[in-house]
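Student: I am new to this structure and would like a close look at a single part of it. Could you walk me through the salt bridges, please?

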Amino acid sequence: MCRKNHPYEDRTPRPDNRFLPSLAYGAGLSYASSPPAVEIDRTGESTELLAHWFFEMEFGNQSSEWRPYLRLHHRSHAWNFFDAETGSNAVLAGVRWRF
């Protein structure tokens, strides 16, 4: 089902092949209200502020109402730019529903 005149319909044109992924990347800062216990347990140290980046693959074609995706979140000291030599990764899988 393809909705006509949807405000974001033409922002990210997609191929008709539903198995060819759409890719996304982002980078910035990650702030935790307290140092994450999972990082402390693994490396013995952590800090609230670290670097963050993500990479995402979304599947489905332009007319897909349901679009599965995989995303990797990475939080790290960015080659010793931040105080603690630590970090963590999270892999997410989900489905987006256009409504």
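Tutor: Here is a walk through the salt bridges, with a short look at a surface patch at the end.

This is a predicted model, in which local features need pLDDT of at least 70 and side-chain atom pairs count only at pLDDT 80 or more, while totals for chains, interfaces and linings use all residues. Residues are numbered from 1 along each chain as its sequence is written, and side-chain values use heavy atoms, with hydrogens and water left out.

Let's start with the general idea: side chains of opposite charge can pair when their charged atoms come close. Here, a salt bridge means a side-chain nitrogen of Lys or Arg within 4 Å of a carboxyl oxygen of Asp or Glu. Counted by this rule, there are five salt bridges.

Take R75 and E39, whose closest N and O atoms are 2.8 Å apart in a salt bridge. Because R75 lies in strand β3 (residues 66–76) and E39 in helix α1 (residues 37–43), this pair ties together parts that are 36 residues apart in sequence. Helices (H or I, at least four residues) and strands (E, at least two) are DSSP runs, numbered from the N terminus. Both R75 and E39 are buried. Buried means under 20% relative accessible area, exposed means over 50%, and partly exposed is in between (1.4 Å probe, protein chains only).

Next, look at E56, which pairs with R71 in a salt bridge with the closest N and O atoms 2.6 Å apart. That pair links distant parts of the chain, with R71 in strand β3 and E56 in strand β2 (residues 49–58), 15 residues apart. E56 is buried at 7% relative accessibility, whereas R71 is partly exposed at 21%.

E56 also meets R96 in a salt bridge, at 3.1 Å from N to O. Here R96 sits in strand β4 (residues 87–97) and E56 in strand β2, 40 residues apart. With a relative accessible area of 30%, R96 is partly exposed. A network of salt bridges links E56, R71 and R96 with E58 and R67.

Finally, let's turn to the segment after β4, where F99 is found. F99 has 74% relative accessibility, so F99 counts as exposed.
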